[in-house]
Amino acid sequence: MDYKYLERIIDCNQTIIQALKKMDEKRVKSLLVVEQGHFLSMLTIGDIQRAIINKVDLNRKIDKIINSNKEYASTAEDVNTIKEKMLVMRAECMPVLDEKGEMVKVYFWEDFFSDKAKEEFKEKINLPVVIMAGGQGTRLRPLTNVIPKPLIPISEKTILEVIMDQFEGIGCKKFYISVNYKAEILEYYFNHLEHKYDIEFFREEKPLGTIGSVSLLKNKINTPFFVSNCDNLIDQDFRDVYEYHQNNENDITIITSVKSYQIPYGVIETGPNGLLTNLTEKPEMTYMINTGVYILQPELINEIPSNHFFHITDLIIRLREKNGKIGCFPVSEKSWTDIGDWTEYNKILCKY
């Protein structure tokens with residue numbers, strides 16, 4: 001057996017947050033769950049995302065969320081049958097089980113296919129994409145004193161092109177780019193670049209906040225649409241986010257990131273008269289962080305006041321007051337990178 005499967009092994013007594021961290025560490029989206037050394041089930045990032053959406057405590061053991069109805073390959077099947085099964089399921093890896101349910105082999109996607117094949121096999125969607133690219137990029141000064149943040153290079157492309165390529169890869173063709181700071185440079189770059197994008201620039205004459213300029217798109221968009229900041233990279237197929245958005249009939253879906261912070265001290269809880277009730281040594285706190293990427297229903301554009309400074313949080317508050325549906329789609333901590341500051345930008349450069 002190819003022993004590269006060993007890095008994916010996780011015991012069923014590990015917690016959900018531990019599994020999520022292992023996926024991040026190994027840069028994989030599925031793990032092989034074992035119980036006392038025997039194969040039990042596969043755990044995928046989708047399983048964890050559904051658990052988070054359903055507000056399952058991330059400190060619960062993973063055996064509480066594994067799907068016992070998953071389909072696997074068997075030793076009775078030939079390689080071509082297993083290959084076809086993996087393609088249909090878009091499975092990152094496929095355990096092969098004998099008649100007793102013991103795992104005797106693991107096939108990996110790269111054994112048969114390219115990464116591109118996985119993306120192309122899934123039906124594409126063609127939703128408009130609005131990219132907020134008008135900010136000054138103050139955290140990346142002095143570089144942004146010269147060029148706008150969306151044009152900062154990552155390898156042979158700019159940040160904006162990398163983001164647009166991800167949307168274009170799932171079928172999105174129309175891009176609306178909100179510009180303000182150094183707008184002329186940004187427009188000049190794309191007007192003189194051979195590219196595959198259908199871009200319409202729209203300019204806010206003054207800063208209008210994180211969503212205010214979208215009011216300029218009234219009567220232009222009549223379908224659900226993506227909104228993205230221009231400094232986020234997210235390792236997630238956005239078609240899954242759209243499916244969640246549709247199935248739950250959300251008005252807004254926010255892509256969130258699971259972030260864990262460990263307090264480096266013992267945390268004390270007290271009761272009446274200052275008596276100690278609990279002491280936790282270096283507890284780890286987990287939060288859901290807004291990544292700055294959303295799906296919005298088109299009618300929400302009318303909720304954004306014209307020519308007024310207006311943040312996405314203002315829109316969310318307004319929608320909550322009207323009992324609108326606001327969904328949160330989680331991704332793992334390392335699946336989201338905010339490249340708006342030097343520390344994270346340098347990390348991205350090392351990857352490329």
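Here a biologist and a modeller talk over the salt bridges of this predicted model.

Modeller: Before we start, residues are numbered from 1 along each chain as its sequence is written. This model is predicted, so local features need pLDDT of at least 70 and side-chain atom pairs count only at pLDDT 80 or more, while totals for chains, interfaces and linings use all residues; side-chain values use heavy atoms, without hydrogens and water.

Biologist: Happy with that! What makes Glu 92 and Arg 8 a salt bridge?

Modeller: The term asks for a side-chain nitrogen of Lys or Arg within 4 Å of a carboxyl oxygen of Asp or Glu. For Glu 92 and Arg 8 the closest N and O atoms are 2.7 Å apart, so the pair qualifies. Both residues are buried (under 20% relative accessible area, 1.4 Å probe, protein chains only).

Biologist: And why is Glu 284 called partly exposed?

Modeller: Partly exposed lies between buried and exposed, the latter being over 50%. Glu 284 has 36% relative accessibility, therefore it counts as partly exposed. Its salt-bridge partner is Lys 21, with the closest N and O atoms 2.2 Å apart. Lys 21 comes to 35%, so Lys 21 is partly exposed too.

Biologist: How do you know that Asp 198 and Lys 174 form a salt bridge?

Modeller: Their closest N and O atoms are 3.3 Å apart, and the limit is 4 Å, so the pair counts. Asp 198 is partly exposed because its relative accessibility is 39%.

Biologist: How many salt bridges does the structure hold?

Modeller: The structure has 18. Lys 157, Asp 165, Glu 168 and Lys 196 are joined in a network of them.
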